[in-house]
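Me: I'd like to go through this structure step by step, with a reason behind each answer. Could you take my questions one at a time?

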Amino acid sequence: MPHTTSFTLPAIRTEVSSLWKLAWPILIGQLATVGMGAADVAMTGHTNPEELAAVSLGAAIWSIVLVTVSGIMMAINTLVAHEIGAARHDRVPHIVRQSLWKALLVGLVACLLTNMAALVFDHLMLEPAVAAKAKLFVHIISCALPPFAAYRALYGYSTSINQTKPVMVIALAALGLNILVNYLLIYGHWGMPKMGGVGCAVATTCCVWMMLLAMLAWIKIAPAYRATYPFTHWEWPQLSSIGPMLRLGLPIGVTYFAEVSAFGVISLLVARFGVIQVSAHQIALNFSSVVFMVPLTFGIALVTRVGHAVGEANLRKARFISWVGVAMSLTAAIVSATVITIFRHQIAQAYTSDPQVQALCAQLLLFAALFQLSDATQVATSCAIRGYKVTRQPMLIQLLAFWGFSLPIGYVLGLAPAGFPWSPAEPMAAAGFWIGLVTGLTVAAVLLTWYLNRLSLRRMREA
């Protein structure tokens, strides 16, 4: 229909309404999920800087693996959306079953790699107590990776058939459970052992298992899943199905890895400057990740909306949906940048009672406000591109942006290596690394915007 594919005010209003209707439960679910990490940092921050540093370092490893697994499992979003758009509902159950086998493989490999990555703490010149606690945190929380991968498979299936309410309800329940178990285990209330930051890892693992079981129960009970119900019979893994899923999902995982690993590596490099620097950096990063859930949610909804349009073979509509979604993400970014700038001191105080950490965190939050626009643009454009079932090009752009720009610039400014051209006289520590992050995100936003425009126009001409 013309009013759904032309850039007129009524058409834009209609698409904004459709995208928001799909996105808002995902947004609440995403905020609740990230809120679990925020609760971990905030609740540990009121113990002592050493506990907070251990959780921050362990969370750096955990976040890299977690987000990479999410990206690899995201292939199901595009595959199911295309089948729904093409009205081939009978193909969806097989995709879901094979995606769960893929989740088992991905989750076990991720668990192994996470435990191996914890060995890095032995080589970072950390205080022995901090290194030991960070390693234990990682060893415990790695047990959540197989169920998390399976949950993300069911999450992608549910959102791609426009069932987003379960994501919201389950995530909110998990957040409540996480805060309760944190309260019991971090501080040792109600006769429970006082585990400090390690208690966060136990709480998160329990919550992830709960989320998987709740999603399985919801799919079994809710009538909305009947037409595509995947658990009618047993099905062994099939390489012919899992292979294409991995080819589609691995570039997304690498894309996510390129960004989150840049943040994670920076967290590890900042650790050499002491607990004040690493704690302030992690708090600013944690709050930024909470705010990032808004454009990320629009991106997840874009994968479904664009995928449906491409499945319908309506390429003009797919292009229209893509740019409306990018505009919505940018609007949210302007609001979040303003809020961070005005309330940066209050945000820091909410996380920690240490005055030195508060002061440095408020400075770093200015950088976080600065990169909101580019961060929102790059995530929205990359998700719209995935809706076209294209994943390799965003991967290459993200690798270039974060490993070709963010980390090298951050390394030079943050560490000021001797004899290196353009390095400052003194290391800028965390601030130097955040300048690198702003640069990398801007490069990614520009290149991904260019590629989305080129791809959508080419597909329209081909159609």
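Me: How many aromatic pairs does a search of the whole structure find?
Reply: Before we count, this is a predicted model, where local features need pLDDT of at least 70, side-chain atom pairs count only at pLDDT 80 or more, and totals for chains, interfaces and linings use all residues. Residues are numbered from 1 along each chain as its sequence is written, and side-chain values use heavy atoms, leaving out hydrogens and water. Rings of Phe, Tyr and Trp (its six-membered ring) pair if their centres lie within 6.5 Å. Searching the whole structure that way, the number of aromatic pairs found is eleven.

Me: Let's take the pair of Trp 20 and Phe 298: what kind of aromatic pair do they form?
Reply: A pair of aromatic rings is described by the distance of the centres and the angle of the planes. Here the rings of Trp 20 and Phe 298 are 6.2 Å apart, centre to centre, with 50° between the planes. Planes under 30 degrees apart count as stacked, over 60 as edge-to-face and the rest as tilted. So the label for Trp 20 and Phe 298, going by those cut-offs, is tilted.

Me: How many residues apart in sequence are the parts that this pair ties together?
Reply: Helices here are DSSP runs (H or I, at least four residues), numbered from the N terminus. Trp 20 belongs to helix H1 (residues 9–45), while Phe 298 belongs to helix H10 (residues 275–311). The pair therefore ties together parts whose separation in sequence is 278 residues.

Me: Is Phe 298 buried or exposed?
Reply: Buried means under 20% relative accessible area, exposed over 50%, and partly exposed in between (1.4 Å probe, protein chains only). Its partner Trp 20 has 40% relative accessibility, so Trp 20 is partly exposed. Phe 298 has just 6% relative accessibility, so Phe 298 counts as buried.

Me: Which residues form one aromatic cluster?
Reply: Now we're grouping rings rather than taking them two by two. The members of this cluster are Trp 101, Trp 234 and Trp 236.

Me: How much space lies in the largest cavity?
Reply: A cavity is a set of points on a 1 Å grid over the protein atoms alone where a 1.4 Å probe fits but cannot get out. Its volume is the space filled by probe spheres set on the points, which are joined across faces, edges and corners. The structure holds one cavity of 30 Å³ or more. The space in the largest cavity is about 1,100 Å³.

Me: Which residues that line the largest cavity are closest to its centre?
Reply: Lining residues have an atom within 4 Å of a point. Helices that each supply at least two of them include H1, helix H2 (49–73), helix H9 (239–270) and H10. The lining has 46 residues, and the closest to the centre are Val 34, Ser 63, Val 67, Ser 289 and Met 293.

Me: What is the phi of Asn 162?
Reply: Most residues other than glycine have a negative phi. Asn 162 isn't a glycine, yet its phi is positive. You'll find Asn 162 in the loop between H6 and helix H7 (165–187), and with 43% relative accessibility it counts as partly exposed. The phi of Asn 162 is about 70°.

Me: Where does Lys 389 lie?
Reply: Lys 389 is another residue other than glycine with a positive phi, near 65°. Its relative accessible area is 40%, so Lys 389 is partly exposed. Its place is the loop between H14 and helix H15 (392–415).

Me: How far apart in space are Ile 252 and Met 73, C-alpha to C-alpha?
Reply: Ile 252 sits in helix H9 and is buried, at 1% relative accessibility. In sequence, Ile 252 and Met 73 are 179 residues apart. In space, C-alpha to C-alpha, they are separated by 8.6 Å.

Me: And what is the C-alpha to C-alpha distance in space between Thr 47 and Ser 353?
Reply: Thr 47 is in the loop between H1 and H2, partly exposed at 33% relative accessibility. Thr 47 and Ser 353 are 306 residues apart in sequence. Their C-alpha to C-alpha distance in space is 9.3 Å.

Definitions and conventions. Helices (H or I, at least four residues) and strands (E, at least two) are DSSP runs, numbered from the N terminus. On a 1 Å grid over the protein atoms alone, a cavity is a set of points where a 1.4 Å probe fits but cannot get out, and a pocket is an open set with protein on both sides within 12 Å along at least five of seven lines; lining residues have an atom within 4 Å of a point.
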